[in-house]
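Below are some comments on the model you sent, set out as numbered points. Please read them with the coordinates open.

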Amino acid sequence: MQPVYLFYNPRAGRYSQKAIGKILTALENEGICAKSIAEIEELKQLKDAHILVAGGDGTLHFAINHADIQSNSFSILPVGSGNDFASAFPNHHIEKLAKHILSKQITPVDLLQVNNIFVHNAAGAGFEALVAGKASQSKVPAALKYMLPLARHLFTYNPGNMKITSPDFQYNSAVFTISLGNGKRAGGGFKLYPKASFNDGKMDLLLIKPPPFWQKLLYVWLVNFGKHLQLQADEYAQVSEVSIEMR
């Protein structure tokens with residue numbers, strides 16, 4: 001069996017040694033003796049190991065960009081403030097995760113590559129990126145991390161021009177937001193990419209042209225249910241590669 005390491009980010013502010021100890025004990029009760037790690041250098045040294053990430057999308061992003069993704073396998077225990085990607089996988093409990101780890105059941109997952117950075121769930125520019133950036137810096141409860149900056153900037157954000165080019169999609173004009181997704185959800189639960197699949201070899205491109213003032217609130221409401229594709233301001237495509245130039 002591969003050695004198992006429990007990776008967490010102590011700077012995320014959600015973990016204590018007691019909490020990590022409980023997870024390690026639960027794994028041991030299921031037959032897995034895991035070692036906890038929390039530093040970049042420890043991640044970089046791992047080879048042919050299984051890395052169980054305890055955290056949210058940010059911690060998983062950190063792990064896949066510092067560990068060797070070719071030789072190691074990964075799973076996630078979604079205990080972070082943002083768990084959008086993990087929502088695509090039903091086995092969140094320690095007992096079920098342990099069974100999958102012990103049986104070496106591997107599910108291939110696509111990764112987006114943005115310049116030299118790997119992205120497992122979503123990447124964007126424009127309004128979506130602004131909200132995500134503000135949320136990552138916020139100290140408020142998880143339920144408000146995305147909603148507060150969204151409400152604050154929804155009517156004041158000034159769209160910029162972008163040139164977007166891919167073999168499957170072209171656009172050159174003002175953009176309210178453009179987002180590329182691998183999973184269905186982003187931004188703390190918004191169903192931005194209702195047609196996405198995490199292992200179809202494609203990324204789902206969502207482009208929102210600058211909407212009328214009144215339509216912004218409608219968009220926020222519909223995106224909760226993945227029903228926003230009916231809006232005329234939307235462009236949606238599944239692409240294998242894309243170039244985005246900010247202007």
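1. Glu-41, in this predicted model, has a relative accessible area of 48% and is therefore partly exposed, since exposed would require over 50%. Its side chain meets that of Lys-44 in a salt bridge, with 3.7 Å from N to O, and Lys-44, at 44% relative accessibility, likewise counts as partly exposed. Both residues belong to helix H2, where they are 3 residues apart, or about one turn of the helix.

2. The whole structure contains 4 salt bridges, and two others deserve a comment for what they connect. Lys-47 pairs with Asp-68, the closest N and O atoms being 2.9 Å apart; because Lys-47 sits in the loop between H2 and E3 and Asp-68 in the loop between H3 and E4, this pair ties together parts that are 21 residues apart in sequence. Asp-68 is partly exposed, its relative accessible area being 21%.

3. Asp-84 and Arg-185 form a further salt bridge, with their closest N and O atoms 3.4 Å apart. Asp-84 lies in the loop between E4 and H4, and Arg-185 in the loop between E10 and strand E11 (203-208), so the pair ties together parts that are 101 residues apart in sequence. Asp-84 is buried, with a relative accessible area of 4%, whereas Arg-185 is partly exposed at 27% relative accessibility.

4. Which residues of H3 are buried? They are Asp-57, Thr-59, Leu-60, Ala-63 and Ile-64, and because they cover an arc of only 160 degrees around the axis, they fall on the same side of H3. These buried residues pack against strand E1 (4-7), helix H2 (40-44), strand E3 (50-55), E4 and strand E6 (117-119).

5. In helix H5 (residues 127-137), the buried residues are Phe-127, Glu-128, Val-131 and Ala-135, which cover an arc of only 100 degrees around the axis and therefore lie on the same side of H5. On the other side of H5, Ser-136 and Gln-137 are exposed. The packing partners of the buried residues of H5 are strand E7 (122-126), helix H6 (147-153) and strand E10 (177-181).

6. The second largest pocket holds about 830 Å³ of space, and of the 27 residues lining this pocket, Phe-74, Ser-75, Phe-89, Thr-107 and Val-109 are the closest to its centre. Helix H3 (57-64), strand E4 (73-78) and helix H4 (94-103) each supply at least two lining residues, and the largest share, 4 residues, comes from E4. By residue class, the lining divides into 15 nonpolar, 11 polar and 1 charged.

Methods
Residues are numbered from 1 along each chain as its sequence is written. This is a predicted model: local features need pLDDT of at least 70, side-chain atom pairs count only at pLDDT 80 or more; totals for chains, interfaces and linings use all residues. Side-chain values use heavy atoms; hydrogens and water are left out. Buried means under 20% relative accessible area, exposed over 50%, partly exposed in between (1.4 Å probe, protein chains only). The arc is that of the directions from the helix axis to the C-beta atoms. Contact means heavy atoms within 4.5 Å. On a 1 Å grid over the protein atoms alone, a cavity is a set of points where a 1.4 Å probe fits but cannot get out, and a pocket is an open set with protein on both sides within 12 Å along at least five of seven lines; lining residues have an atom within 4 Å of a point. Grid points are joined across faces, edges and corners, and a volume is the space filled by probe spheres set on the points. Ala, Val, Leu, Ile, Met, Phe, Trp, Tyr, Cys and Pro count as nonpolar, Asp, Glu, Lys and Arg as charged, and the others, Gly among them, as polar.
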